[in-house]
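Q: I would like a close look at a single part of this protein, with the remainder described as needed to place that part in context. Please take the model below as the basis.

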Amino acid sequence: MQRAVVLSAIVLGGMAVTGVMAQGLPGIEEAEQVSENVWRIPGAGGNSVVFVRSEDVVLVDTKLPNSGESILAEIRKITDKPVTYVINTHSHPDHVGSNAFFAENDGVQVVAQANTAARMREGGGPFPPNRVDMEFTNYRAIGEGADKVEVHYFGAGHTDGDAFIFFPEDKVMMAGDIYAWHMSPLIDPASGGSMLALPTTVTAAYYNVPDAETVLAGHGSAHTREEFLSWITFNRGLVQVAEQTAQMGGTPEDALARLEGVPSFAIFMGDEPLPGLEYGGTPRGRAYINLMVAFEELRGEEAQLRMGIDPSEIPPRQ
Ligand SMILES: [Zn+2]
């Protein structure tokens, strides 16, 4: 699939599947305080995260295009300090869409992982290129002491440029879309995403950032470190079941039935869309999609982007 088509599908496809598009996209919502200095602004695409420092504000992700003024209005309810850094978790347009609104101000530095930076500078389809001023490969620290922000990269998952942003003073980590929704995430193979790589990547994030007590997702609410670990365990189990089932000549449908046999995975296999995240489909539908992606990767094929799945195509529970 061409990149422009993929990018448009990322924004629109998932919503069309469940009919949310007809109702209009969820708009920007009020900022929610996560910790002393960290806020989450939901809606209008992915979560934006605000970290208020001694002299300035660090903003993570800028939602869909035309959200800049609304994001700034939410920041102004919290503080008068200027936004000096925009950090992007990855290149999708529901996370970098309003970068230009902030980047046009003098002194604003845009930060992204190198693979993401390359895609942002390229743009695609209806989405213009975005400036990146500071890129990193595996790790970079911005500021010191209570103002310190760490940006980490641990490998592929949702894309091949998924950054983890950690605020040590507040013990809060923003994971972006690799942990979007408390269910198996969307994999974007055209942007280097990989289901087989994902468990290793997120396990590295868990152990290399041991002080992250709260983990924020690209979409959806804040989670505890324990919830993050249970989600990692589920995705590792999904890949292991896919590998073992494929080895025995089974199908993704067989693998889905085996996953359903694990009681502790039930929360990640629900048949109802998560509240407020209806455009993401159901957890069980996403697990089935990612089993199909894992099987394609195991066969050495180019995995397909599947934004969602018609409920009638999900195998019934056994
Ligand atoms: Zn994304």
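Into which domains is the protein divided, and which elements supply the side of domain 1 that touches domain 2?

A: The model is a predicted one. It is divided into domain 1, comprising 3–138 + 145–224, and domain 2, comprising 235–313. The C-alpha centres of domain 1 and domain 2 are 25 Å apart.

The part under examination is the boundary of the two domains. Here 25 residues of domain 1 are in contact with 26 residues of domain 2. On the side of domain 1 that touches domain 2, α1 (3–18) and α7 (198–208) each contribute at least two residues. Helix α1 provides the largest share of that side, namely seven residues. By residue class, the side of domain 1 that touches domain 2 consists of 16 nonpolar, eight polar and one charged.

The setting of this boundary is as follows. The protein contains 10 helices and 13 strands. Its radius of gyration is 19 Å, and the globule rule gives 20 Å for 318 residues; the two values are close, so the protein is as compact as a globular protein of that length. The C-alpha trace spans about 60 × 40 × 35 Å along the principal axes. Of the 318 residues, 50% are buried. Among contacts with a separation of 6 or more, 66% are accounted for by residues 24 or more positions apart.

Within domain 2 (235–313), two helices may be described individually. Helix α10 covers residues 283–298, and at 1.5 Å a residue its 16 residues should span 22 Å; the C-alpha atoms at its ends are 22 Å apart, so the model agrees with that expectation. Since 14 of the 16 residues of α10 are buried, this helix is largely enclosed by the rest of the structure. Just after α10, Gly300 adopts a positive phi of about 80 degrees. The other helix is α9 (residues 252–260), in which Arg258 lies. Arg258 counts as partly exposed because it has 18 C-beta neighbours inside 10 Å. Apart from its neighbours within four places in sequence, Arg258 is in contact with Val241 and Thr245. The C-alpha atoms of Arg258 and Gly107 are separated by 53 Å, with their positions 151 residues apart along the chain.

Within domain 1 (3–138 + 145–224), three residues merit individual description. Phe101 belongs to helix α5 (residues 99–103). It counts as buried because 20 C-beta neighbours fall inside 10 Å. Its C-alpha atom is separated by 32 Å from that of Ser184, which is 83 residues away along the chain.

The remaining two residues have positive phi values without being glycine. Ala44 has a positive phi of about 55 degrees and occupies the loop between β2 (38–41) and β3 (48–52). With 22 C-beta neighbours inside 10 Å, Ala44 counts as buried. Asn66 has a positive phi near 70 degrees and is placed in the loop between β4 (57–60) and α3 (68–78). In contrast to Ala44, which is buried, Asn66 is exposed, having 11 other C-beta atoms within 10 Å.

To return to the boundary itself, α1 supplies seven residues of the side of domain 1 that touches domain 2, and that side includes 16 nonpolar residues and one charged residue.

Note on methods: Residues are numbered from 1 along each chain as its sequence is written. This is a predicted model: local features need pLDDT of at least 70, side-chain atom pairs count only at pLDDT 80 or more; totals for chains, interfaces and linings use all residues. Domain bounds come from an automatic or database domain assignment. Two residues are in contact if their C-beta atoms, placed from the backbone, lie within 7 Å. Helices (H or I, at least four residues) and strands (E, at least two) are DSSP runs, numbered from the N terminus. Ala, Val, Leu, Ile, Met, Phe, Trp, Tyr, Cys and Pro count as nonpolar, Asp, Glu, Lys and Arg as charged, and the others, Gly among them, as polar. The radius of gyration is taken over C-alpha atoms; the globule rule is 2.2 Å times the number of residues to the power 0.38. A residue is buried if 20 or more other C-beta atoms lie within 10 Å of its own, exposed if 12 or fewer, and partly exposed in between; C-beta atoms are placed from the backbone. The expected span of a helix is 1.5 Å times one less than its number of residues.
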